[in-house]
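Biologist: I am new to this structure and would like a close look at a single part of it. Please take one helix, its partner and the loop that follows, and explain what each residue there touches.

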Amino acid sequence: MLRLTDFIIDCPDTMRLAAFYAAVTAGRPVREGSDGDWAGIRFGEIELAFIRVTDYRAPQWPDGEHPKQFHLDFEVDDIEAEQARVLALGATLAQDFLGPEGYGWRVYTDPVGHPFCLCRNRGVTWTDQGPVWPEPA
């Protein structure tokens, strides 16, 4: 049997990055026993974990010389409110892919350079030709 247990992110300061993502995910607690070498946040059976890397080199998205290696997507109902919140927590807006209908995503970087997205895609149907947006109400 195979099951995913951890998604591990390299960083220079585990507790700082864990605190950032704990706040981004609406106050999920940093796991008890977390320390300067390993910190985690539980999501059911999966842990978003942070491991200290001594010579950490931040990704420079979208630069391919220092690639992103991964990114996280967070589906949100109110992208403007969530943007204000993550920016206040220390994120940086990198690129905006929000369409005129209010659907799409925005790319941010966390305090150590990892990209993540806030997405407003609920109700969108993904086809081979691209997304089909819901009809305006």
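Modeller: Leu 89 is a convenient place to start, and its relative accessibility of 34% makes it partly exposed, since the partly exposed class runs between 20% and 50%. This value, like the others here, comes from a predicted model. Leu 89 lies in helix H2. If neighbours within four places in sequence are set aside, Leu 89 is in contact with Phe 20, Ala 23 and Val 24. Leu 89 can also be placed relative to Tyr 21: the two are 68 residues apart in sequence, while their C-alpha atoms are 9.2 Å apart in space.

The contacts of Leu 89 lead to the helix you asked about. Helix H1 covers residues 14–24 and helix H2 covers residues 79–89; they pack at an angle of about 160 degrees, and their axes are 10 Å apart. Since an angle over 145 degrees counts as roughly antiparallel, H1 and H2 are therefore roughly antiparallel to each other. The crossing of H1 past H2 is right-handed. On the H1 side, the residues that meet H2 are Phe 20, Ala 23 and Val 24; on the H2 side they are Arg 85, Val 86 and Leu 89. Sorted by class, this contact of H1 with H2 has five nonpolar residues, one charged residue and no polar ones. One general point helps in reading such a list: an α-helix has 3.6 residues a turn, so residues three or four places apart point the same way.

Next comes the buried part of H1. Thr 14, Leu 17, Ala 18, Phe 20, Tyr 21, Ala 22 and Val 24 are the buried residues of this helix. Phe 20 and Val 24 are thus on the list of buried residues and also among the residues that meet H2. The buried residues of H1 do not pack against H2 alone: their partners also include strand E1 (6–11), strand E2 (38–43), strand E3 (46–52), strand E4 (72–75) and strand E7 (115–120).

For context, the protein has two helices and nine strands. Along the sequence they follow the pattern β-α-β-β-β-α-β-β-β-β-β. Of the 137 residues in the protein, 34% are buried. Among contacts between residues at least 6 apart in sequence, 50% join residues at least 24 apart.

The two ends of H1 can be described separately. At its start, a side-chain oxygen of Asp 13 comes to within 3.3 Å of the backbone nitrogen of Met 15. At the other end, H1 is followed by Ala 26, with a positive phi near 60 degrees. Most residues other than glycine have a negative phi. Ala 26 has its positive phi although it is not a glycine. Ala 26 belongs to the loop between H1 and E2, and it is exposed, with a relative accessible area of 69%.

Further along, that loop also holds Ser 34. Ser 34 is buried, its relative accessible area being 15%. The side chain of Ser 34 reaches the backbone oxygen of Arg 31 at 2.7 Å. A polar atom of the Ser 34 side chain also lies 3.2 Å from the backbone nitrogen of Gly 40. Not counting neighbours within four places in sequence, Ser 34 is in contact with Met 15, Ala 39 and Gly 40. Met 15 therefore appears twice in this account, because it is within 4.5 Å of Ser 34 by heavy atoms and its backbone nitrogen faces the side-chain oxygen of Asp 13.

Asp 35 is found in the loop between H1 and E2 as well. With 36% relative accessibility, Asp 35 counts as partly exposed, whereas Ser 34 is buried. Leaving out residues up to four places away in sequence, Asp 35 touches Thr 14 and Met 15. Asp 35 and Thr 14 are 21 residues apart in sequence, and their C-alpha atoms are 7.1 Å apart. The side chain of Asp 35 also has a polar atom 2.8 Å from the backbone nitrogen of Asp 37.

To put the part together: H1 meets H2 through Phe 20, Ala 23 and Val 24, its buried residues also pack against strands including E1 and E7, and the loop after it comes back to touch Met 15 through Ser 34 and through Asp 35.

Definitions and conventions:
Residues numbered from 1 in each chain as written. Predicted model: local features only at pLDDT ≥ 70, side-chain atom pairs only at ≥ 80, totals over all residues. Heavy atoms only, no water. Axes fitted to C-alpha atoms, helices over the stretch in contact; angles between N-to-C directions. Helix = DSSP H or I, 4+ residues; strand = E, 2+ residues; numbered from the N terminus. Parallel < 35°, antiparallel > 145°, perpendicular 65-115°, else oblique. Left-handed = near helix turned anticlockwise from the far one by under 90°. Nonpolar A, V, L, I, M, F, W, Y, C, P; charged D, E, K, R; others polar. Buried < 20%, exposed > 50% of the residue type's maximum accessible area, 1.4 Å probe, protein only. Polar contact = N/O pair within 3.5 Å; in protein donor to acceptor, adjacent residues only side chain to side chain.
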